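Reader: I'm new to this structure and a bit lost in it. Could you pick one part, take me through it slowly, and show me how it sits among its surroundings?

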Amino acid sequence: MLGSRAAGFARDLRAVALAWLPGWRGRSFALARTAGAPHSGDLQPPACPEPRGRQLSLSAAAVVDSAPRPLQPYLRLMRLDKPIGTWLLYLPCTWSIGLAAEPGCFPDWYMLSLFGTGAILMRGAGCTINDMWDQDYDKKVTRTANRPIAAGDISTFQSFVFLGGQLTLALGVLLCLNYYSIALGAGSLLLVITYPLMKRISYWPQLALGLTFNWGALLGWSAIKGSCDPSVCLPLYFSGVMWTLIYDTIYAHQDKRDDVLIGLKSTALRFGENTKPWLSGFSVAMLGALSLVGVNSGQTAPYYAALGAVGAHLTHQKWGLEILPRLV
């Protein structure tokens, strides 16, 4: 009897010791054992420890998920959980703002922040318009079926009111610029409204997207200088359009099967297995236009070194691309 009590005491002592070892995650379990819970052999750590609460994440998707639930469908309608589109709209603005800066000076940080706010609002407005036009198509495509309007989380009327709010705020940003830029910015609204329709009537909707998304290449320069210099702004705008044709043609390949089934068009369907030669042509045109921008704006060696890096990246991206045949 004394031996069995000693053995039990030894097991209990071992459990207490394990409970207080640094990093031991089963303390409460071990202490429960010492309090008289039935023994079933040697002590084992729990297989699935209890979570210690939600981990902090600053990703865009996590921020949207942590927002109040009634607000989340509107944030997803703006694609705030997928910010890459906002960057693609914002970057051409930064190019022109940077090129318009005085030699040896940093770009205007106020203008960068102003255009960043505008990019968030206008990208959100563009996505809202796109989803309002495409809600019947979105329901038929797996990738887009959970978009707020298609899924029924937001009504068409609610999205229209929300669109009005975004455009009002964007107008407030635009009114912070000079009169030339206000008129130029207002001129982009027709493109914003109509480009989602291009996939219904043309195999070149990516071109319409490029004309829309790169408007900031014109607007950024005029916001700094007071007007556009055609020798710089036009080739910069053209190079941005070529860039959009590159990345959105690649992107469109993932939807080409669904596009055929529901009757939509894209450059991915137009080019098919000849996509890589087309991408090569767009890349050469983009780099040539950017070289002309450098010459006309008096750029120096660092600009052309960066341009070489861009060319290397485009080449790597093109040769790493796998074009799958159409499956319908």
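Author: Let's take helix H12 as our part, then visit some of the helix pairs and residues around it.

First, a bit of orientation. This is a predicted model, so read everything below as computed from that prediction. The chain has 17 helices and 0 strands. It runs to 328 residues, and 41% of them are buried. Look at the contacts in the chain with a separation of 6 or more, and you'll find that residues 24 or more positions apart account for 68% of them.

Now find H12, which covers residues 216–225. It's mostly covered, with 8 of its 10 residues buried. Follow the buried ones along the chain: you meet Gly-216, Ala-217, Leu-218 and Leu-219, then Gly-220, Trp-221, Ser-222 and Ala-223. What do they pack against? Their partners are helix H5 (84–100), H6, helix H8 (179–186) and helix H13 (230–252). Step just past the end of H12 and you reach Gly-226, which has a positive phi of about 95 degrees.

Two of those partners, H6 and H13, deserve a stop of their own.

Start with H6, residues 109–138, and its pairing with helix H7, residues 156–174. Their axes come within 9 Å of each other and cross at roughly 155 degrees. An angle over 145 degrees counts as roughly antiparallel, so that is the label for H6 and H7. The crossing itself is left-handed. On the H6 side, the residues that meet H7 include Leu-114, Leu-121, Met-122, Ile-129 and Met-132. On the H7 side, Phe-160, Phe-162, Leu-163, Leu-167 and Val-173 are among those that meet H6. Sort the residues of this contact by kind and you get 13 nonpolar, 8 polar and no charged.

Next comes H13, this time paired with helix H11, residues 205–213. Here the axes come within 8 Å and cross at roughly 135 degrees. That makes the two helices oblique to each other. This crossing is right-handed. From H11, Leu-207, Leu-209, Leu-211 and Phe-213 are among the residues involved, and from H13 the list includes Tyr-237, Val-241, Leu-245, Tyr-247 and Asp-248. The contact of H11 with H13 divides into 9 nonpolar, 4 polar and 1 charged.

Leu-211 gives us a handy link to another spot, as it's also in contact with Leu-191. You'll find Leu-191 in helix H9, residues 189–194. Is Leu-191 buried or partly exposed? Its relative accessibility is 23%, so it counts as partly exposed; buried would mean under 20%. Leaving aside neighbours within four places in sequence, Leu-191 touches Thr-212 and Trp-215 as well as Leu-211. There's also a long hop along the chain to notice: Leu-191 and Gly-126 are 65 residues apart, yet their C-alpha atoms are separated by 9.7 Å.

One last thing to look at is the cysteines. Cys-93 has 7% relative accessibility, so it counts as buried. Cys-127, at 9%, counts as buried too. As for disulfides, the structure holds 0.

To go back to where we began: H12 is mostly covered, and its buried residues pack against H5, H6, H8 and H13.

Methods: Residues are numbered from 1 along each chain as its sequence is written. This is a predicted model: local features need pLDDT of at least 70, side-chain atom pairs count only at pLDDT 80 or more; totals for chains, interfaces and linings use all residues. Side-chain values use heavy atoms; hydrogens and water are left out. Axes are lines fitted to C-alpha atoms, for helices over the stretch in contact, and angles run from 0 to 180 degrees between N-to-C directions. Helices (H or I, at least four residues) and strands (E, at least two) are DSSP runs, numbered from the N terminus. Angles under 35 degrees count as roughly parallel, over 145 as roughly antiparallel, 65 to 115 as roughly perpendicular and the rest as oblique. A crossing is left-handed if the near helix is turned anticlockwise from the far one by less than a right angle, and right-handed if clockwise. Contact means heavy atoms within 4.5 Å. Ala, Val, Leu, Ile, Met, Phe, Trp, Tyr, Cys and Pro count as nonpolar, Asp, Glu, Lys and Arg as charged, and the others, Gly among them, as polar. A disulfide is a pair of cysteine sulfur atoms within 2.5 Å. Buried means under 20% relative accessible area, exposed over 50%, partly exposed in between (1.4 Å probe, protein chains only).
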